[in-house]
Amino acid sequence: MIIPPILPPLRSAPDGSPRRVGVELEFADLDAPSAAAAVRALYGGTVTQENPHRCIIAGTRFGTFTVELDMRSAHPGGGPKILDPLRPLWGNIGSLVMPFEIATPPVPFDRLGELEALVGALRERGAAGTQASPLFAFGMHLNPEVARTDGDYILDHLKAFLILAPWLRGEIKVDPTRRLSGFIAAFPVEYAVTVVDPDYRPDRDRLIGDYLAANPTRNRELDLLPLFAHLDPDRLAATMADPHVRPRPTFHYRLPNARLGDPGWSLTADWNRWVAVEELAADRERLDQMGRDYRDFAARKALDSWAAEVASRLPTPSDPVAG
């Protein structure tokens, strides 16, 4: 069944153009040239194989896709040059446990459904998702472009995410290996309780500072470091040196599984769950009330039942668009 994507309340980027979202899909059991061929067959373009484990597909109807083994040392520049002759072999070994990743170009929200065909094509070619092995901790990352860059807008989305995160985990049924890996660690409860308080209204500088003090890592379910690196690169550089943090004007939502081998899995279903975050962020009255209630549940040490409480309050999703 095709699930149409839902449009969020705010649909324009800061420059007035339609907002877009980039998607990163992790998988195994399919090499980079084969995955690149699937992209080209669906969306056109020209494939360039940069090395045995990385392909670029340029000139597609969306822009440039990248397919690569998610292992820096398998690629030129990923360590001492003396390793260059061994990188293809090292990549072959690494691909037994490390995922390949397709990174899409930014896609307009109302065309996100066109990427479902790619999920099907990868599955038909034998791509395996996180459920295929206890060793696999594969995810799908969504990178929705922000509508604004002011502190209130970013804070409202962080508040909304913290409030909805327990419900999101339950809906997604996050893979146990991914939970144990530490790559998608939940925000500390103490930090969440502080942020969802309706009285917590810092300016953008303090918001960034508080976030970095409590979360000096990119391994969060919602990683704001790429956005903060875009907005305040000097501050990020002074706080941490992580080559994986790429500045970009997006939220980096890391929670969903990548279940490519599951015929019932849909990337747009996980997108629609993200839209619930944006809908809550756009409703200040409901956001503040749910923030107060979250704090009450936390004070009573009853957060185990918070996900069910959230589910009972969420409105029925609206505004599907043709995919």
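Here are some numbered notes on this predicted model, going from the overall fold to a few helix pairs and single residues.

1. Overall make-up. The protein has twelve helices and nine strands. Of its 323 residues, 50% are buried. Among contacts with a separation of 6 or more, 75% are between residues 24 or more positions apart. Accessible surface adds up to about 14200 Å², and carbon and sulfur atoms account for 54% of that.

2. H3 and its surroundings. Helix H3 covers residues 116-124, and its buried residues are Glu116, Leu118, Val119, Ala121 and Leu122. What do these buried residues pack against? The list takes in strand E1 (20-27), helix H1 (32-43), strand E4 (65-69), strand E5 (100-103) and H10. Worth a look when you scroll past the end of the helix: Gly126 follows H3 and has a positive phi, near 100 degrees.

3. Leu267, in H10. This residue belongs to helix H10, which runs over residues 267-281. Is Leu267 buried or exposed? Its relative accessible area is 1%, and the cut-off for buried is under 20%, so Leu267 counts as buried. Outside its neighbours within four places in sequence, Leu267 is in contact with Leu112, Leu115, Glu116, Val119 and Met140. Two of those names, Glu116 and Val119, also appear among the buried residues of H3, and H10 is on the list of elements that those buried residues pack against. For a sense of the distance along the chain, Leu267 and Gly113 are 154 residues apart in sequence, while their C-alpha atoms are 8.3 Å apart in space.

4. Trp274, also in H10. Helix H10 holds Trp274 too, and this tryptophan is buried at a relative accessible area of 0%. Which residues does Trp274 touch, not counting residues up to four places away in sequence? They are Pro144, Phe161, Leu222, Phe251 and Tyr253. Phe161 sits 113 residues from Trp274 in sequence, with 8.6 Å from C-alpha to C-alpha.

5. Leu280, again in H10. Leu280 has its place in helix H10 and is buried, with 0% relative accessibility. If residues up to four places away in sequence are set aside, Leu280 touches Ala160, Ile163, Leu164, Arg286, Leu287 and Met290. Lys159 is 121 residues from Leu280 along the chain, and the two C-alpha atoms are separated by 9.0 Å. Some of these names come back below: Ile163 and Lys159 take part in the contact of H4 with H6, and Arg286 and Met290 of H11 meet H12.

6. Thr250, in a loop. Thr250 lies between helix H9 (233-239) and strand E9 (252-253), in the loop that joins them. Despite the loop setting, Thr250 is buried, with a relative accessible area of 9%. Its contacts, residues up to four places away in sequence excluded, are Asn143, Pro144, Glu145, Val146 and Leu227. Pro144 is also one of the residues that Trp274 touches.

7. H4 against H6. How do helix H4 (residues 151-172) and helix H6 (residues 189-196) pack? Their axes are 9 Å apart, at an angle of about 130 degrees. That angle makes H4 oblique to H6, and the crossing of the two is left-handed. On the H4 side, the contact is made by Leu155, Leu158, Lys159, Leu162 and Ile163; H6 brings Tyr191, Ala192, Val195 and Val196. By class, the residues of this contact are eight nonpolar, no polar and one charged.

8. H11 against H12. Helix H11 (residues 284-299) and helix H12 (residues 306-313) have axes that come within 11 Å and cross at roughly 155 degrees. Angles over 145 degrees count as roughly antiparallel, so that is the label for H11 and H12. H11 passes H12 in a right-handed crossing. Which residues meet here? From H11 there are Arg286, Met290, Asp293, Tyr294 and Phe297, and from H12 there are Trp306, Glu309, Val310 and Arg313. The class count for the contact of H11 with H12 is five nonpolar, no polar and four charged residues.

Conventions
Residues numbered from 1 in each chain as written. Predicted model: local features only at pLDDT ≥ 70, side-chain atom pairs only at ≥ 80, totals over all residues. Heavy atoms only, no water. Helix = DSSP H or I, 4+ residues; strand = E, 2+ residues; numbered from the N terminus. Buried < 20%, exposed > 50% of the residue type's maximum accessible area, 1.4 Å probe, protein only. Contact = heavy atoms within 4.5 Å. Areas by Shrake-Rupley, 256 points an atom, 1.4 Å probe, with all protein chains shown as cover. Axes fitted to C-alpha atoms, helices over the stretch in contact; angles between N-to-C directions. Parallel < 35°, antiparallel > 145°, perpendicular 65-115°, else oblique. Left-handed = near helix turned anticlockwise from the far one by under 90°. Nonpolar A, V, L, I, M, F, W, Y, C, P; charged D, E, K, R; others polar.
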